[in-house]
Structure formats: structure tokens, C-alpha cells
Amino acid sequence: MPLIDRYKRSIEYLRISVTDRCNLRCIYCMPYDIRPVEYKSILTYEEIVRVVRIAARLGVRKIRLTGGEPLARKNIQFLIKEISNIKGIDEITLTTNGVLLERYAEELKEAGLSRVNVSLDSLSPEKYREITGGGSVETVLRGIEKAYQLGLKPIRLNVVIIRGLNDDEIEDFALLTRHRDYHVRFIEFMPGRGNNWTVDKCVSAKEIRGRLNRLGVLQPLPFRKRESARYYRLPDGKGVIGFISAVTDHFCEHCNRLRITSDGKIRPCLFSETEIDLKTPLRNKAPDEEIERLLRLAVQLKPEGHRIGIEPGHHINRPMSKIGG
Ligand code: SAM
Ligand code: SF4
């Protein structure tokens, strides 16, 4: 029996956070007082592979590895290779800050990675450094170029826009799609623990779209149900521009995913307060049937939708780096 929730959504996508550690410290993601999960609490590659094998039998087709920074975990290529050998998995993708992409892109591709999402919130070296707590945008751009040349496509660039910080770069990011088939995706700034979110700092997808009309009328592309973004194209654009309106216009009715945190908790929804412990049964050598039962339970606990942006005071209860975005 495939994984279908109470609202008839079919769950085919697992986002797995392989570490909560990161080589950057983005101001909207990682609060300064954050304590990393103890190493011994982080799921091993063998444990992750076992969960994916069971999930694949239940109809999961797509795996995204995230973090923290997934490329900062040692030998992630091994995990990708193991997952790519699992029957039923059609696609393995990775969300990365791109710092180590130039170094690892080739090995990632060889291991079976389908494509990458790279988070990039400024094209200005100074501002990038400010947002990320010291990162080098030049390094990330070289990583993106390498991934592009290797055909890890389409390359998606995730841009979180924060008013007064990087909203002056909206047009520059959109223009990246003019000559290259990049997917530039604007993500609404979400409220998370310790990230000083306020409603006025969040620039809505609608506002960003409006601002881009200065570059020409955006052409809407057909909406694909499994996507969390709505896509458009500049009149003369090779690539596409996406909008992830997690705060102002929820796409919960098409949600097809479950998340697993680096310390082995299943999160039915990014915004859930509820988590289901997988790590303990995995370490107690629970049979596959028990792991399957817990995955099914998480699917049944998926809420119909979330309240972020609707009711004041709602925010994500763990820092994003601990969930994987
Ligand atoms: N380190 C990797 C990276 O930065 O791509 C993967 C983990 S990061 C938590 C995953 C995604 O979550 C990134 O695209 C990041 O921009 C996004 N993210 C983190 N905090 C966010 C927030 N408060 N609002 C919106 N997106 C956020
Ligand atoms: Fe690290 Fe990614 Fe969070 Fe930035 S967004 S601090 S790169 S986990």
C-alpha cells in the first residue's frame, strides 16, 4: 500500500537532513546560541539507507539530502551511491550552500546525484559575507559553474529575500535566467527560532513578482502539482523564475513530502510540532515492519496545512539548520 495521507495526498518525497552542522552561519537560519546535535545522535549512513530502502517499498521515489550543510558531512558520495542503488528511487538531489561544490561536484555526479539546489542570497561579496557569517560568494559561483558544466541540471538557485538586506538584488537574480537555463527561486523569509523574523522583513512572492515586471511581463508556466514553487519566465529568458510563497500563499494541498531530521526524527510537516522518533527503533534493531509503521504513522499525522503567516506567533520550533529547510 502506498503512502497516502488523510487528505488524499500521495507521499513520494523524502527530505533527509544528514547533519545539523554547517560551514556557514546564515543570519536567518542559525541562531548564535545553537548547540549541535551530538555526533552519536546523528543517523549513520547505514541507518539512512535502511530507511530509504523501506520508504522506497512504500512508494517514495525522490530523495533530497540537506542539512546543515550536507557536503560538510564526510563521504556523502558514499550515501548518494548507496541510495542510487535502491530500487524505486528515481531521483537523488542535494540542497547545498555551494561552498564545497567545486571540490565535490564531479564525485557527486559519479555517485549518482541527479541535480543540485544551491542557496545563494547575494551576488555582492560583502553582503554575502554579512548574510552567511563569512562566506565567499566567489567560491560558491565557481561551484555553480562546475555543477553546470558537469550537467547537474537544472541548477536551482534558492534565494531568501529579506527586506532591507538583499531585496535590492531581486532584479539581478532574475536576470541570471536570461542567458542560462538556471531556475532562480525566490523563497519567502520564514519565521524560525531566533531569526528575528518580522512580517515587514518578509517580502511576499507577489511583491517580488510585481517588482520583476520592470524587466518585462513574466510569462507563467503550467503549474506542476508536485512542485512547491510557481514558475515564470522572462520574455527573453532561457531559465525560469520560481516563487516559494511558504508564508503568504501556502501550497499545502499539493504537499508530497516527509522530512527526517539529522537526529532521526520524522517530521510530518516543516512546521510541525510533532516528531516521530525513528532513531531509537533503528538502534534497537526494530524489524522493517516497525519502521514502516512509523513512516505510515507520520503520513497519517500530516496536517492539512500550516498556520505560518496566518496567525501571529506561529514559527518553526527548531532552527532551520536542524530540519533541513
Ligand atoms: N546548507 C544548505 C543550504 O543552505 O542550502 C542546506 C540546508 S538549508 C537549511 C536549506 C534551505 O533552507 C536553504 O535554501 C535556506 O535558504 C533555507 N532557509 C533556511 N532558513 C530559512 C528561513 N528562515 N526562511 C526561508 N528559507 C530558509
Ligand atoms: Fe548553513 Fe544552509 Fe543554514 Fe546557511 S541556510 S546556515 S548554509 S544550513
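Helices and strands here are DSSP runs numbered from the N terminus, a helix needing at least four residues and a strand at least two. I'm working from a predicted model.

**Entry 1: Gly151**

I started with Gly151, which sits in the loop between H5 and S5. Is Gly151 buried, partly exposed or exposed? I get a relative accessible area of 31%. Buried would need under 20% and exposed over 50%, so Gly151 goes down as partly exposed. I also checked its distance to Ala105: the two are 46 residues apart along the chain, and their C-alpha atoms are separated by 10.0 Å.

**Entry 2: Asp181**

Next loop along my list: Asp181 lies between helix H6 (170-179) and S6. Its relative accessible area is 30%, so I have Asp181 as partly exposed. Which residues does Asp181 touch once those up to four places away in sequence are left out? The list is Tyr148, Lys153, Pro154, Lys238 and Gly239. I looked harder at Tyr148, since its side chain makes a polar contact with the side chain of Asp181, at 2.9 Å. I also noted Arg156, which is 25 residues from Asp181 in sequence, with 9.4 Å between the C-alpha atoms.

**Entry 3: helix H6**

I then went through H6 itself. Its buried residues are Ile170, Phe173, Ala174 and Thr177. Why do they line one face of the helix? Looking down the axis of H6, I find them within an arc of 95°, so they share one face. I checked what lies over them, and the cover includes S5, S6, H7 and strand S9 (240-244).

**Entry 4: helix H4**

I gave H4 (residues 125-132) the same treatment. Lys127, Tyr128, Ile131 and Thr132 are its buried residues. The arc they cover around the axis is only 120°, so they are on the same side of H4. Helix H5 (137-149) is among the things covering them. I turned the helix round to see the face away from the buried side, and there I found Glu126 and Glu130, both exposed. One backbone oddment for the margin: Gly133, just after H4, takes a positive phi of about 70°.

**Entry 5: ligand 1**

On to the first ligand. How many residues surround ligand 1? I count 20 in the shell, and the closest are Tyr28, Gly68, Thr95, Ser119 and Met190. By class, that shell splits into seven nonpolar, 11 polar and two charged residues.

I pulled out some N and O pairs. A polar side-chain atom of Tyr28 is 3.1 Å from an oxygen atom of ligand 1. For Thr96, a backbone N or O atom lies 3.2 Å from an oxygen atom of the ligand. Met190 also uses its backbone: a polar atom there is 2.9 Å from a nitrogen atom of ligand 1.

How much of ligand 1 does the protein bury? Taken alone, the ligand exposes 550 Å², and the protein buries 95% of that. I wanted to know which elements give two or more residues to the shell, and those are strand S3 (91-96), strand S5 (156-161) and strand S6 (183-188).

**Entry 6: ligand 2**

What surrounds ligand 2? I wrote down Cys22, Leu24, Arg25, Cys26, Cys29, Met30, Gly68 and Asn97. That shell divides into five nonpolar, two polar and one charged residue. Gly68 turns up here, and I had already listed it among the closest residues to ligand 1.

**Entry 7: Ile34**

Back to loops. I placed Ile34 between strand S1 (13-17) and helix H1 (45-57). Its relative accessible area is 14%. The cut-off for buried is under 20%, so Ile34 is buried. Setting aside neighbours within four places in sequence, Ile34 is in contact with Arg25, Pro319, Ser321 and Lys322. Arg25 I knew from the shell of ligand 2. I also took the distance from Ile34 to Ile170: 30 Å between C-alpha atoms, with their positions 136 residues apart along the chain.

**Entry 8: Ser204**

Last one for the day. Where is Ser204? I found it in the loop between S6 and helix H7 (205-212). Its relative accessibility is 18%, so Ser204 counts as buried too. Its contacts, with neighbours within four places in sequence left aside, are Glu188 and Thr248.

How values were computed
Residues numbered from 1 in each chain as written. Chains lettered and ligands numbered in written order. Predicted model: local features only at pLDDT ≥ 70, side-chain atom pairs only at ≥ 80, totals over all residues. Heavy atoms only, no water. Buried < 20%, exposed > 50% of the residue type's maximum accessible area, 1.4 Å probe, protein only. Arc of directions from axis to C-beta. Contact = heavy atoms within 4.5 Å. Near = heavy atom within 4 Å. Polar contact = N/O pair within 3.5 Å; in protein donor to acceptor, adjacent residues only side chain to side chain. Areas by Shrake-Rupley, 256 points an atom, 1.4 Å probe, with all protein chains shown as cover. Nonpolar A, V, L, I, M, F, W, Y, C, P; charged D, E, K, R; others polar.
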